[in-house]
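Let's take a walk through the side-chain contacts of this protein, from ring pairs to charges. Have the sequence and the 3D view at hand as you read.

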Amino acid sequence: MSQEQGIVREFVDEIDPLVFGFGILTAVTFLGYVLLVGPDQAGTTMEAINDWLWTNFSWFYLWAMLIFVGFTTFLIFGPWGKIKLGPPDAEPRHDFLSYFAMFFSAGIAAGIVFWGPAEAIFHYGSGTPLAGTDAPAKQRMLGSLQYTFFHWGISAWAAYLIVGVPIGYFAHKKGAPFKFSTVIAPLVGVDNLDDSYFARLVDLIAVFGTMGGIATSLGFIGQQLLMGMDYQFGSVRTPSASASALPLDIFGVQLGDLGIILVIIGVTTVFTLSVISGVEKGIKRLSQLNVIVFVLLGVLVFFIGIYNGMASFVLNLGTQAIGQYFDQFVKMSLFTGAATDSSFLGSWTIFYWAWWFSWAPFSGIFLARISYGRTIREVTFVGVIATTLATVPWFLVIGGMSMRMQQLGQADILGVLTNYGGNEAVSGYPLFGALPAGALLSGLFFLLVITFFVTSADSSTLGIAMLTTGGEENPSELNRLIWGVLQGLVAAVLIVIGGTNALQQAAIITGGPVAIIGLIGVYGMVKEFSSFKGRVLVQEGASIRDDDTLLGGRSSSGGGTSGAASVRPAESDEDD
């Protein structure tokens, strides 16, 4: 009993009552509303809000993301990249591969498993602004891959860096807390983050957005887990079942709404327990396993493509798609469908951008937490370039193979999607099952679904627990368990009220406010880091004394940034 009282006391002492209470209230209100009005009405309401947002504010989502991409590009190649997150003698706490694996697993979450086999083949069947359904098959395939690269390339990761870099800088260099409002430290001052009403509002927005983003990801991977069990162990579906992917049939037992909710909550709770082991023993090792299985599956599929003669076609298709992706990047980034049909934009690009925004508070905080001792250039390179170099080959191989096999009639992936009500969660199973060594590939794919679910639950639980404790680096076990269960419950209910559509709507609704704070954060970084420009460019390699360090070409006694966020000479990066 004494130990239990100690766990509860630790939990009570660490939480931020306002932020924690708001998060609990948001989750409970949503769940209560669904129970009160019913799943159908709740889904209709969410759809109406979502349609209004992307119809009227698509321009905002697009411009915000393009600004984030431009700013992170400057961080990689500009003079601010040499600023270190920590003291001058700080050394990274994790080796490069572990660091990459943890952020890649946390940032990409379940999405890459869900959409890897699904997005390209879905575009192939439904068309894109680059190639409609009446276009030749190869042209549709090219446009499908190009848009898949666009949605999962540098733009996706740039949103995380806008949060991770300023929080990492102020937390490791100036002792600021690991919470979302730290991104506005240059405006309110580090010492005022706990007292500023604006900072409190920012943290509330972070909890609201993060819950939507996490529920979306856990819902996607939960759907894939359930659909995989239905596909592997359930009865054969026919087009007559296409009205809905539910109810699920597993070993002859139909899972109703309550069954689905219990399965998702149970899996989330069990896997969330692993986060109690901490970053080193839990998240780090699971992330490494995640990446190993991810790479192994991609490599096996590629070599099978060589064996069955598809590799050359897929590589040629992917190479051209990459070229067109870079060539038309700005055009695609600002495409609103104003002169044509904008439905594709709302269903895909705006959904993705909002999803990345809603995922950014937690993912950015997690990135900041593990980035001690690294320079901004290292963090940004790993966070944008290295991650993109990992995602693009996956979508190229898996997406290219799925479309080619569909075209040649070697796998009817679109037919299976039809039988599951157009639910993309099932698309990977007919693809891998139709390949040589299909049982092995399907097994690895199912394992990847599980491991990504684990790391998604782990890192997201840690992130939202940190958000609700005022920036505590190591939240209590009880706090993590509470959020693990709540996240699973919200995700399960979203699956019940509308499946994929409801999950997409949740992301768009919650992502917009986070993007606004991200833009304010960009301004804050410009304000803060501008003081480093003269020193980095002019005094490269020079001996710097604490009493005469130049910031922006002036003596530190005569300027720099103002307020609590100003850079003190004693904290200068001597190895810059």
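Rings of Phe, Tyr and Trp, the last taken by its six-membered ring, count as a pair if their centres lie within 6.5 Å. With that rule in hand, this predicted model turns out to hold 43 aromatic pairs.

Start with Phe 104 and Phe 294, whose ring centres are 5.4 Å apart. Their planes meet at 55°, and planes count as stacked under 30 degrees and as edge-to-face over 60, so this pair is tilted. Where do Phe 104 and Phe 294 lie along the chain? Phe 104 belongs to helix H4 (residues 96-108) and Phe 294 to helix H12 (residues 278-307), so the contact links distant parts of the chain, 190 residues apart. Phe 104 has a relative accessible area of 1% and Phe 294 one of 6%; both values are under 20%, and therefore each residue counts as buried.

A second pair to look up is Phe 150 with Trp 353. Here the ring centres are 5.1 Å apart and the planes again make 55°, so this pair, too, is tilted. Phe 150 comes from helix H7 (residues 137-152) and Trp 353 from helix H15 (residues 343-370), which means that the pair ties together parts 203 residues apart in sequence. Buried or exposed, how do Phe 150 and Trp 353 rank? Both are buried.

Rings can also meet charges. Arg 404 lies over the face of Phe 313, at 3.8 Å from the ring centre. The charged end of Arg 374, in turn, sits over the ring of Tyr 99, 4.3 Å from the centre of that ring.

Arg 374 leads us on to the salt bridges, of which the count is two. One of them joins Arg 374 to Glu 378, with the closest N and O atoms 3.5 Å apart. How do the two partners differ in accessibility? Arg 374 is at 7% relative accessible area, which is under the 20% limit, so Arg 374 is buried. Glu 378, at 33%, falls between 20% and 50% and therefore counts as partly exposed.

The other salt bridge is formed by Lys 179 and Asp 203, whose closest N and O atoms are 3.9 Å apart. Lys 179 sits in the loop between helix H8 (154-174) and helix H9 (185-188), while Asp 203 is part of helix H10 (residues 197-233), so the bridge ties together parts that are 24 residues apart in sequence. Lys 179 and Asp 203 are both buried.

Conventions. Residues numbered from 1 in each chain as written. Predicted model: local features only at pLDDT ≥ 70, side-chain atom pairs only at ≥ 80, totals over all residues. Heavy atoms only, no water. Helix = DSSP H or I, 4+ residues; strand = E, 2+ residues; numbered from the N terminus. Buried < 20%, exposed > 50% of the residue type's maximum accessible area, 1.4 Å probe, protein only. Lys NZ or Arg CZ within 6 Å of the ring centre and 35° of its normal. Salt bridge = Lys/Arg side-chain N within 4 Å of Asp/Glu carboxyl O.
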